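Q: I've got a protein model open and I'm not sure how to read it. Can we go through it together?

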Amino acid sequence: QVQLVESGGGLVQAGGSLRLSCAASGRTSSSYRSWFRQAPGKEREFVAVIHWSGGYTYYTDSVKGRFTISRDNAKNTVYLQMNSLKVEATAVYYCAAGRAPSLHTTEYGYWGQGTQVTVSS
């Protein structure tokens, strides 16, 4: 079992930056960590994924060049650095752990509770 705890959300103006953290505890064979987000009234959508080795990352097109996913193995933590934030990035951001770099929520067995990101105009 693994527990995931997100932090770092908040209110920021458009064009600003935030860094989200996802701290993991417990043991798991799930070697991929992903970030998803869910805006009000919308489905949860994939944002970025990283392999625990750091050797593989992938981003949804809308955040490429602005968001960076990274990990600190010593702290068992994954980060999402979000720059040049847009109003449409407003959502609850969730961390997930899975065995494959999937874009689909159903492929992930572990989820955090989420952290709210609000981008104002």
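Q: Let's start with charge. How far apart are the mean positions of the positive and negative charges of the protein chain?

A: Keep in mind that this is a predicted model. To read this feature, take the mean place of each kind of charge and look at the gap. Here the chain has 12 positive and 7 negative charges, and their mean positions are 7 Å apart.

Q: Okay, now the fold. How many helices and strands does the protein chain have?

A: Go from the N terminus and tick off each element. You'll find zero helices and 11 strands, so the radius of gyration is the next thing to check: at 13 Å it is close to the 14 Å that the globule rule gives for 121 residues, and the chain is as compact as a globular protein of that length.

Q: What does the C-alpha trace span along its principal axes?

A: About 40 × 30 × 25 Å.

Q: How much of the chain is buried, and what share of the contacts links residues 24 or more positions apart?

A: Burial is about how much of a residue's surface is covered. Of the 121 residues, 40% count as buried. For the contacts, count pairs with a separation of 6 or more: residues 24 or more positions apart account for 57% of them. As for the surface, the accessible area is about 6,300 Å², with 46% of that belonging to carbon and sulfur atoms.

Q: Which strand should I zoom in on, if I want one that is mostly covered?

A: Try S9, residues 91-98, where seven of the eight residues are buried.

Q: Which strands does S9 pair with, and in what sense?

A: Pairing is read from the bridges between two strands. S4 (residues 32-38) is joined to S9 by seven bridges, running antiparallel, and Trp35 stands opposite Cys95 there. S11 (residues 115-120) is also antiparallel to S9, with three bridges; look for Val92 opposite Gln116. S10 (residues 108-111) pairs with S9 over three bridges, again in the antiparallel sense, and Ala96 faces you as the residue opposite Trp111.

Q: And the side chains of a strand, where do they go?

A: In a regular strand they alternate between the two faces of the sheet.

Q: Is Ala97 buried or exposed?

A: Buried: this residue of strand S9 has a relative accessible area of 0%. Beyond its neighbours within four places in sequence, Ala97 is in contact with several residues, including Leu4, Tyr32, Arg33 and Tyr110.

Q: What about a loop residue like Gly16: what does it touch?

A: Find Gly16 in the loop between strands S2 (10-13) and S3 (18-26). Not counting residues up to four places away in sequence, Gly16 touches Met82, Asn83, Ser84 and Leu85. Gly16 counts as buried because its relative accessibility is 19%, and the cut-off for buried is under 20%. The C-alpha atoms of Gly16 and Val119 are 8.3 Å apart, though their positions lie 103 residues apart along the chain.

Q: Last one: which sign does phi have in most residues other than glycine?

A: Most of them have a negative phi. Two residues here go the other way. Asn76 has a positive phi of about 55 degrees; it sits in the loop between S7 (67-72) and S8 (77-82) and is partly exposed at 24% relative accessible area. Ser84 has a positive phi near 50 degrees; this residue is in the loop between S8 and S9 and is partly exposed too, at 40% relative accessibility.

Methods
Residues numbered from 1 in each chain as written. Predicted model: local features only at pLDDT ≥ 70, side-chain atom pairs only at ≥ 80, totals over all residues. Heavy atoms only, no water. Helix = DSSP H or I, 4+ residues; strand = E, 2+ residues; numbered from the N terminus. Rg over C-alpha atoms; globule rule 2.2 N^0.38 Å. Buried < 20%, exposed > 50% of the residue type's maximum accessible area, 1.4 Å probe, protein only. Contact = heavy atoms within 4.5 Å. Areas by Shrake-Rupley, 256 points an atom, 1.4 Å probe, with all protein chains shown as cover. Lys, Arg positive; Asp, Glu negative; His and termini not counted. Charge placed at Lys NZ, Arg CZ, Asp CG, Glu CD. Pairing = 2+ DSSP bridges.
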